[in-house]
Amino acid sequence: GRLFASSHNLKGLYASLGLTPLHALCSEIVEIARLGGLDGAADRLARLEGLHGEVVAIINGHSGNFKQ
């Protein structure tokens, strides 16, 4: 389903960027979705959203360093 596909895609992205905690959470969500259940998915999605927000804030805070 969509949960599996989305979390699988994000897992690859986070691995490529070296964002290990986000990759680990996505791996857990992928496994939950693969097994066809949702138990624990909401908690992990909430944690993922929080960590993702922190990463975005850090990137946005440093975006001035990349201007030419």
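Is leucine 13 buried, partly exposed or exposed? In this predicted model, leucine 13 is partly exposed, because its relative accessible area is 42%, which falls between the 20% limit for buried and the 50% limit for exposed. You will find leucine 13 in helix α1, which covers residues 2–17. On the surface, Leu13 joins Leu10 and Leu17 in a nonpolar patch, and together they offer about 260 Å² of accessible area.

Let's stay in helix α1 and look at serine 7, which is also placed there. With a relative accessibility of 5%, serine 7 counts as buried. Its side chain has backbone company: a polar atom of the serine 7 side chain lies 2.6 Å from the backbone oxygen of leucine 3, and the side chain also reaches the backbone oxygen of phenylalanine 4 at 3.2 Å. Leaving aside residues up to four places away in sequence, serine 7 touches Cys26, Ile29 and Val30. The C-alpha atoms of serine 7 and glutamate 28 are 9.1 Å apart, although 21 residues separate the two along the chain.

Two of those contacts of serine 7, Cys26 and Ile29, lead us to the largest nonpolar core. This core has six residues: Tyr14, Leu22, Leu25, Cys26, Ile29 and Leu48. Helix α2, residues 20–34, supplies the largest share of them, four residues. Tyrosine 14 makes a good viewpoint here: beyond its sequence neighbours up to four places away, tyrosine 14 touches Leu19, Leu22, His23, Cys26, Leu48 and His52.

Now for the charged side chains, where the count comes to three salt bridges. One of them joins glutamate 28 and arginine 44, with N and O 2.6 Å apart. This pair links distant parts of the chain, as glutamate 28 sits in helix α2 and arginine 44 in helix α3 (residues 41–62), 16 residues apart. Both partners are partly exposed, glutamate 28 at 32% and arginine 44 at 23% relative accessibility.

Another salt bridge pairs glutamate 31 with arginine 34, again with an N to O distance of 2.6 Å. Because they are three residues apart in helix α2, these two are separated by about one helical turn. Glutamate 31 is partly exposed at 33%, while arginine 34, at 53%, counts as exposed.

In helix α3, arginine 47 and aspartate 43 lie four residues apart, about one turn of the helix, and they form a salt bridge whose closest N and O atoms are 3.1 Å apart. Arginine 47 is partly exposed, with a relative accessible area of 39%, and aspartate 43 is partly exposed too, at 44%.

How values were computed: Residues are numbered from 1 along each chain as its sequence is written. This is a predicted model: local features need pLDDT of at least 70, side-chain atom pairs count only at pLDDT 80 or more; totals for chains, interfaces and linings use all residues. Side-chain values use heavy atoms; hydrogens and water are left out. Patches are made of residues with over 30% relative accessible area and no salt bridge: like charges are joined within 9 Å, nonpolar side chains (Val, Leu, Ile, Met, Phe, Trp, Tyr) within 5 Å. Accessible areas come from the Shrake-Rupley method with a 1.4 Å probe; for residues, only the protein chains shown count as cover. A salt bridge is a side-chain nitrogen of Lys or Arg within 4 Å of a carboxyl oxygen of Asp or Glu. Buried means under 20% relative accessible area, exposed over 50%, partly exposed in between (1.4 Å probe, protein chains only). A polar contact is a pair of N or O atoms within 3.5 Å; within protein, one must be able to donate a hydrogen and the other to accept it, and residues adjacent in sequence count only if both atoms are side-chain atoms. Contact means heavy atoms within 4.5 Å. A nonpolar core is a set of buried Ala, Val, Leu, Ile, Met, Phe, Trp, Tyr and Cys residues joined through side-chain atoms within 4.5 Å.
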